[in-house]
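The following exercises are to be worked through with the sequence and the three-dimensional structure at hand. Each task is followed by a solution that proceeds step by step.

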Amino acid sequence: MKILIAGCGNITGGYDSPTSKKPLTHFGAINKLSQDNLKIDVLEKNNANYFKMKKKWGLVGEHFKDLANLKNKTYDLVLIATNTAYHFQIIEFIITQKITKLIICEKPCCENLKQQLKLKELKNK
């Protein structure tokens, strides 16, 4: 399974660790999955945030700082855990570039109804 996680804040992996018995974060939950054929890439603009998570969780996948670097990539799942202000931009890119069919986004997925309707229109094309 190929997963892209957008964002490396506390809810992504800051509140627990690979040895935690119960997951509190996205990495904690993913860590409970079978590691066979699991590839996790990360989209994170802030190098310090990325390297903190890389060290803590032993990340070995690719690190992308910009959406444009994801062109021609495909994933089974994209998990969006960034600041809400970036949700629309990331989802729009994922849909238009056909990066995945399964997107999990922290709420709210958009800042307003206009953005939600735009995403619905793009998805239905």
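**Exercise 1: A histidine side chain**

The side chain of H87 comes within 2.6 Å of an oxygen atom, namely the backbone oxygen of P108. The model under study is a predicted one.

Task: Determine which residues H87 touches, not counting residues up to four places away in sequence, and decide whether H87 counts as buried or exposed.

Solution.
Step 1. Locate the residue: H87 is part of helix α4.
Step 2. List the residues touched beyond four places in sequence: I80, T82, C105, E106, P108 and C109. P108 thus appears in this list, and its backbone oxygen is the atom reached by the H87 side chain.
Step 3. Consider the accessibility. Buried means under 20% relative accessible area. The value for H87 is 1%, and therefore H87 counts as buried.

**Exercise 2: A network of charges**

Task: Find how many salt bridges the whole structure holds, and identify which residues are linked in a network of salt bridges.

Solution.
Step 1. A search of the whole structure yields three salt bridges.
Step 2. Begin with D41, which pairs with K39; the closest N and O atoms are 2.7 Å apart. D41 is buried because its relative accessibility is 0%, whereas K39, at 32%, is partly exposed.
Step 3. Continue from K39 to E62, whose side chain meets that of K39 in a salt bridge of 3.8 Å, N to O. K39 belongs to strand β2 (residues 39–43) and E62 to the loop between α3 (47–57) and β3 (63–64), so this pair ties together parts 23 residues apart in sequence. E62 counts as partly exposed, at 34% relative accessibility.
Step 4. Proceed from E62 to K73, where the side chains form a salt bridge of 3.0 Å, N to O. Because K73 lies in the loop between β3 and β4 and E62 in the loop between α3 and β3, the parts tied together here are 11 residues apart in sequence. K73 has a relative accessible area of 23% and is partly exposed.
Step 5. Join the pairs: K39, D41, E62 and K73 form a linked network of salt bridges.

**Exercise 3: The nonpolar cores**

Task: Establish which residues touch the most other members of the largest nonpolar core, and which element gives the largest share of this core.

Solution.
Step 1. The largest nonpolar core has 19 residues, and L43 and L70 touch the most other members.
Step 2. Two or more residues each are given to this core by β1 (2–6), β4 (77–80), α4 (84–96) and α5 (113–123).
Step 3. The largest share is that of α4, with six residues.
Step 4. Examine L43. Neighbours within four places in sequence aside, its contacts are L4, I5, A6, G7, F64, K65, D66, L67, L70 and I90.
Step 5. Apart from this core there is another, of 15 residues, including F27, I30, I40 and L59.

**Exercise 4: The two faces of a helix**

Task: State which residues of α5 are buried, and which exposed residues are carried by the face turned away from the buried side.

Solution.
Step 1. The buried residues of α5 are Q115, L119 and L122. These residues lie on the same side of α5, because they cover an arc of only 60 degrees around the axis.
Step 2. The face turned away from that buried side carries the exposed residues L113, K114 and K120.
Step 3. Helix α4 is included in what covers the buried residues of α5.
Step 4. Finally, inspect the N-terminal end of α5: N112 caps it, with a side-chain oxygen 3.1 Å from the backbone nitrogen of K114.

Key
Residues are numbered from 1 along each chain as its sequence is written. This is a predicted model: local features need pLDDT of at least 70, side-chain atom pairs count only at pLDDT 80 or more; totals for chains, interfaces and linings use all residues. Side-chain values use heavy atoms; hydrogens and water are left out. A nonpolar core is a set of buried Ala, Val, Leu, Ile, Met, Phe, Trp, Tyr and Cys residues joined through side-chain atoms within 4.5 Å. Buried means under 20% relative accessible area, exposed over 50%, partly exposed in between (1.4 Å probe, protein chains only). Helices (H or I, at least four residues) and strands (E, at least two) are DSSP runs, numbered from the N terminus. Contact means heavy atoms within 4.5 Å. A polar contact is a pair of N or O atoms within 3.5 Å; within protein, one must be able to donate a hydrogen and the other to accept it, and residues adjacent in sequence count only if both atoms are side-chain atoms. A salt bridge is a side-chain nitrogen of Lys or Arg within 4 Å of a carboxyl oxygen of Asp or Glu. The arc is that of the directions from the helix axis to the C-beta atoms.
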